[in-house]
Amino acid sequence: MQKTSRQLGIVLELQHRKMVKAEELAERFETSIRTIYRDIQTLNEAGVPVIGLPGIGYSLMEGYFLPPISFTSEEALTLLMGTEFIEQRFDERYSHSARSSRAKIEAILPKSIRTDADRVRESIRLLYKEEPDIGAREKAHIETLREALLARKKIRFTHHKRYKDATNNRETSRSAAPLGLVLVDGGWILIAQCDLRQDIRHFRVSRMSDLSIMDEHYQVPEDFRLHEYQPKDDRTVRIRARFDTKIADKVKESNLYYMEEAHLHDEGYDVTFRVREMEELLQWILGWGSEVVIIEPESFKSRVKEEIELMLKRY
């Protein structure tokens with residue numbers, strides 16, 4: 001790494017973190033501690049207010065911020081595309097900020113870089129299909145959830161499940177401590193500590209209603225890290241189905257989350273699914289009509305027959 005690039009990187013690192021040791025900087029930039037000492041001295045002589053505390057590390061004087069830096073066309077495109085994504089998928093407050101940020105970025109770009117970025121943007125388009133009512137409700141919920149996350153306050157809401165429970169009900173009232181939001185397959189998922197279940201649960205934001213912030217505060221578990229969090233795999237029901245060989249490619253391209261393994265042979269395309277409950281797979285299986293046969297379990301065969309009989313009664 002060139003000397004000037006390394007010194008710029010040191011300033012960016014100090015801006016990002018409150019305190020950094022020389023050993024950490026040396027490891028980060030793959031150089032010696034002595035070289036870091038010389039870089040810090042050079043930065044100070046250039047007017048960058050780096051403060052060194054023996055045995056603790058280096059920091060930037062409060063209030064100092066690196067002047068605007070230049071972007072390559074690829075870097076500018078990355079930022080501009082990022083603002084478009086945020087504008088589409090976040091609540092109105094962040095959408096407004098994304099539009100404002102994009103205008104500021106475009107204003108400071110040199111004409112040549114802006115022209116290159118515009119050409120690439122004209123050949124790339126972000127499309128997201130959503131139902132208007134669901135999209136508007138989801139974005140409104142995102143704003144409320146973001147406020148609850150920042151204030152560390154619990155929320156109360158009604159959760160609408162896709163399938164009926166043992167009591168033949170699809171709605172439950174919940175209170176929970178929100179831990180984070182995750183965008184999965186185009187939809188927002190809330191990760192939260194559920195008071196009812198006394199455990200971490202996932203809630204699709206589009207299936208929430210009557211959402212409100214409670215006065216009760218909460219503490220995030222010390223061992224919880226959203227970016228390291230791995231949900232428990234509680235899919236214990238296995239279902240095997242055989243599809244006609246002529247649609248094997250279509251089944252494979254569907255890339256259904258519940259698919260566990262598949263095998264193509266002369267008699268058909270055998271696929272094993274793993275689900276939490278049979279209802280999760282029912283409608284998807286029915287969508288293939290006569291081109292699929294359930295191999296096991298018998299209980300799912302019976303459930304498919306029951307649904308077909310109910311459909312026949314409508315005709």
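Two strands pair if DSSP finds at least two bridges between them. The model toured here is predicted.

**Stop 1: E5 and E6**

Select strand E5, residues 187–194, together with strand E6, residues 199–204. The two are joined by six bridges and pair in the antiparallel sense. To see one opposed pair of residues, pick Gln193, which stands opposite Ile200 in E6. Then move to the hairpin of E5 and E6, where four residues lie between the strands. Gln198 takes a positive phi there, near 55°.

Keep E5 selected and colour by accessibility. Is the strand mostly covered or mostly open? Of the eight residues in E5, seven are buried, where buried means under 20% relative accessible area.

**Stop 2: E4 and E5**

Add strand E4, residues 171–184. E4 pairs with E5 over eight bridges, again in the antiparallel sense. Within this pairing, select Pro178 and look across to its bridge partner in E5, Ala192. The hairpin of E4 and E5 has two residues between the strands. Select Asp185 in that hairpin: its phi is positive, near 50°.

**Stop 3: the whole sheet**

Now show the full set of strands. In what order do they stand? The order is E6-E5-E4-E3-E7, an open sheet of five strands with antiparallel pairing. Strand E7, residues 208–217, and E6 stand at the edges; each has a single partner strand, so one side of each is left without a neighbour in the sheet. From one strand to the next, the twist averages 45°. Strands of a sheet pair through backbone hydrogen bonds, either parallel or antiparallel.

**Stop 4: H9 against H10**

Leave the sheet and select helix H9, residues 279–286, with helix H10, residues 298–312. Two packed helices are described by the angle between their axes and the distance between the axes. For H9 and H10, the axes come within 11 Å and cross at roughly 55°. That angle makes H9 oblique to H10, and the crossing is right-handed.

Show side chains for the contact. From H9, select Glu279, Leu281, Leu282, Gln283, Ile285 and Leu286. They meet Phe300, Arg303, Val304, Glu307, Ile308 and Met311 in H10. How many of the contact residues are nonpolar, polar and charged? Colouring by type gives eight nonpolar, one polar and three charged residues in the contact of H9 with H10.

Methods:
Residues are numbered from 1 along each chain as its sequence is written. This is a predicted model: local features need pLDDT of at least 70, side-chain atom pairs count only at pLDDT 80 or more; totals for chains, interfaces and linings use all residues. Side-chain values use heavy atoms; hydrogens and water are left out. Buried means under 20% relative accessible area, exposed over 50%, partly exposed in between (1.4 Å probe, protein chains only). Axes are lines fitted to C-alpha atoms, for helices over the stretch in contact, and angles run from 0 to 180 degrees between N-to-C directions. Angles under 35 degrees count as roughly parallel, over 145 as roughly antiparallel, 65 to 115 as roughly perpendicular and the rest as oblique. A crossing is left-handed if the near helix is turned anticlockwise from the far one by less than a right angle, and right-handed if clockwise. Contact means heavy atoms within 4.5 Å. Ala, Val, Leu, Ile, Met, Phe, Trp, Tyr, Cys and Pro count as nonpolar, Asp, Glu, Lys and Arg as charged, and the others, Gly among them, as polar.
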